[in-house]
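Reader: I have a model open and want to learn to read it. Can you take me through the sheet, the core and the disulfides?

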Amino acid sequence: MPARTESSVGVLPDRPPGTEESDPASAGVEPVRGARAEIRRQLREQRRLKAIALLLASLLVLGALPMYFGLRAATRDPVFNSLDALAVPSWAATDPVDGVSGSRWCFIECRFRERTAQSDRAWEETAEVYRTALGREGWQPWKVAYCPEQEVQGHYTCWRRDELTLDLWVRQPACQAVPAGQPVPGTTPDAAAPEAENCDGSQVSIKVRNAIADERFGPQPSTDPSLTGEDPDSLLTGDPLGGLTPTPTPS
């Protein structure tokens, strides 16, 4: 009787490594798992890129704003910065317009600064809040001749601080009727008084000069400068800019 071999009793012959029989079900799952892993990797990459972009945008905004305001403060005349810092109510400093001429370092001509603004309330109340604000900022009242050169309406005062002088003039708007016997500065006696119509409030003019360029320091002339025909730096008149035509700059 022939001897039985292993194959005759159902024992499978040995297979080389890597030749195991494949399972159709497992063969279909592996590609799906790989696709899902790739999608998750792409989503993580997109979230990372979005987070980096958001961080860069935040750094740009946070860095650009301080740089802008820093450059603005460094290049803008510090006198206007100090006028901005005056603690006056918003109703007393609406629509400010700044004018400037001359050199900040007094090269050939010293710097002349002027600001005009509108107030929603009467000139008496407006003048009081400006006097208080100037005192808080270290400005001292300055009693000096030709402050102003000629009699004007409203409230006109002069101030000093360090190397600067300041003229403050608060009055009713030009559109308001002027009481009889009080001509408007800068107009002829025959000029008709403007009619009062919907122009409540008051007008504010501030003029700042370097003390060394202010003719009111030192010996005063024996006659009124306004009568001599020479007035190199006239005080504020009916024209808020005092005859100057500086280019207005935003405040």
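Author: Gladly. Keep in mind that this is a predicted model. Start with the disulfides.

Reader: How many disulfides are there?

Author: A disulfide here is a pair of cysteine sulfur atoms within 2.5 Å. That gives two disulfides. C106 pairs with C110, with 2.0 Å between the sulfur atoms. C147 pairs with C158, with sulfur atoms 1.8 Å apart.

Reader: Which hand does the link of C106 and C110 have?

Author: Look at the angle about the S-S bond. For C106 and C110 the angle is 115 degrees, and the link is right-handed. For C147 and C158 the torsion is about 110 degrees, so that disulfide is right-handed.

Reader: What does the pair C147 and C158 tie together?

Author: C147 sits in the loop between β3 (140-141) and β4 (155-161), while C158 is in strand β4, so the pair links parts eleven residues apart in sequence.

Reader: Are C147 and C158 buried or exposed?

Author: Buried, both of them. Now turn to the other pair. Buried means under 20% relative accessible area. C110 has 15%, so C110 is buried. C106 has 24%, so C106 counts as partly exposed.

Reader: Next, the sheet. In what order do the strands lie?

Author: The general idea comes first. Strands of a sheet pair through backbone hydrogen bonds, either parallel or antiparallel. Here six strands form an open sheet, ordered β1-β2-β6-β5-β4-β3, with antiparallel pairing. β1 (94-101) and β3 stand at the edges with a single partner strand each, so one side of each has no neighbour in the sheet.

Reader: How many bridges join β2 to β6?

Author: Eight bridges join them, and β2 covers residues 112-119. To find one bridge, go to S119: its partner in β6 is S202.

Reader: What packs on the sheet?

Author: α3 does, touching β2, β4, β5 and β6. The direction of α3 makes about 160 degrees with that of β5.

Reader: And the core? Which residues touch the most other members?

Author: In soluble globular proteins, nonpolar side chains tend to be buried together. The largest nonpolar core in this model has 21 residues, and Y130, L134, L166, L168 and I206 touch the most other members. α3 (123-136) is among the elements that give two or more residues. With five residues, α3 gives the most to this core.

Reader: What does L168 touch?

Author: Leave out residues up to four places away in sequence. The contacts of L168 then include Y130, L134, W159, V204 and I206. A second, separate core has six residues, among them C147, V152, Y156 and W169.

Definitions and conventions
Residues numbered from 1 in each chain as written. Predicted model: local features only at pLDDT ≥ 70, side-chain atom pairs only at ≥ 80, totals over all residues. Heavy atoms only, no water. Buried < 20%, exposed > 50% of the residue type's maximum accessible area, 1.4 Å probe, protein only. Helix = DSSP H or I, 4+ residues; strand = E, 2+ residues; numbered from the N terminus. Core = buried A, V, L, I, M, F, W, Y, C linked by side-chain atoms within 4.5 Å. Contact = heavy atoms within 4.5 Å. Pairing = 2+ DSSP bridges. Axes fitted to C-alpha atoms, helices over the stretch in contact; angles between N-to-C directions.
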